[in-house]
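Reader: I should like to understand how the terms used for a protein structure are justified. May I put some questions about this one?

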Amino acid sequence: MKTINDLENFDKPREKLLQKGAKHLKDYELVAILLGSGVKGKDVIKLSKEIVRLFESDFDTLDIEKLLQIHGLGTAKAAQIISAIELSKRYLIKQNKKITSAKDAYEELKSYGDKKQEYFLALYLDGAGHLCETKVITIGTLNQSLVHPREVFALAVENRCASIIVAHNHPSATLEPSSADIAITKRLKESGELLGIELLDHLILTKDGYFSFNEEGIVL
């Protein structure tokens with residue numbers, strides 16, 4: 001089992017970072033620095049490359065259980081990776097990205113427009129409209145039992161957000177809202193009013209564009 005110190009000088013991510021800066025490191029090299037060492041049967045570079053492949057295929061819903069599916073990766077190293085991801089997310093909030101329109105929300109979420117499954121997402125905003133967090137609420141065919149207000153608003157309550165925008169993609173590529181889409185929006189709107197957290201909009205996303213409930217005057 002090789003640690004970073006066992007690697008040849010030109011392969012040492014830590015030395016490369018010190019000499020050239022973090023921006024010059026590949027993704028797996030950054031992960032290798034976080035891990036520090038490999039596990040039995042896998043050196044730190046091989047292990048890091050496996051973790052990066054998991055990032056590339058399933059980053060949106062990555063959790064410690066999924067990381068532990070990598071053979072040989074223990075809870076301590078998996079926890080290091082999840083902690084680093086969560087910390088970086090929290091500090092990215094400080095970039096103060098502002099969402100002031102449906103178009104801004106679409107730009108934030110448009111990568112979900114061509115997903116093969118339906119993703120239901122929420123943008124959480126502070127009182128000035130700055131983006132606090134983006135969260136995948138659920139994956140799968142939408143219905144009212146699957147998209148529960150408790151799951152949508154829990155993070156808003158915890159972080160004292162002032163408002164939210166929800167969105168979901170249509171793999172069928174149609175931008176027309178269904179009756180279920182309208183019912184879900186109405187339910188979330190009413191729940192938000194009870195909590196004092198405003199639902200600003202509901203976007204339907206496709207690879208070609210978006211539909212805004214607010215802009216079209218539906219429910220909101």
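Reader: What makes up the secondary structure of the protein?

Author: In this predicted model, the secondary structure consists of nine helices and five strands. Along the sequence, their pattern reads α-α-α-α-α-α-β-β-α-β-α-β-β-α.

Reader: Why is Val157 called partly exposed?

Author: The relative accessibility of Val157 is 48%. Buried means under 20% and exposed means over 50%, with partly exposed in between. The value of 48% lies between these limits, and therefore Val157 counts as partly exposed. Val157 belongs to helix H7, which covers residues 149–158.

Reader: What makes Val157, Leu194 and Leu195 a patch?

Author: A nonpolar patch is made of residues with over 30% relative accessible area and no salt bridge, whose nonpolar side chains are joined within 5 Å. Val157, with 48%, passes the cut-off of over 30%. Together with Leu194 and Leu195, Val157 forms such a patch on the surface, with about 340 Å² of accessible area.

Reader: How do you know that Lys189 has no salt bridge?

Author: The nearest side chain of opposite charge, Glu198, is 4.5 Å away from Lys189. A salt bridge requires a side-chain nitrogen of Lys or Arg within 4 Å of a carboxyl oxygen, so the pair does not qualify. Lys189 is nevertheless buried. This lysine is found in helix H8, residues 179–195.

Reader: Which residues does Lys189 touch, not counting those up to four places away in sequence?

Author: Lys189 touches Glu198, Leu199 and Leu220.

Reader: How many of the residues in the protein are buried?

Author: Buried residues account for 41% of the 220 residues.

Technical notes
Residues are numbered from 1 along each chain as its sequence is written. This is a predicted model: local features need pLDDT of at least 70, side-chain atom pairs count only at pLDDT 80 or more; totals for chains, interfaces and linings use all residues. Side-chain values use heavy atoms; hydrogens and water are left out. Helices (H or I, at least four residues) and strands (E, at least two) are DSSP runs, numbered from the N terminus. Buried means under 20% relative accessible area, exposed over 50%, partly exposed in between (1.4 Å probe, protein chains only). Lys and Arg count as positive and Asp and Glu as negative; His and the chain ends are not counted. Contact means heavy atoms within 4.5 Å. Patches are made of residues with over 30% relative accessible area and no salt bridge: like charges are joined within 9 Å, nonpolar side chains (Val, Leu, Ile, Met, Phe, Trp, Tyr) within 5 Å. Accessible areas come from the Shrake-Rupley method with a 1.4 Å probe; for residues, only the protein chains shown count as cover.
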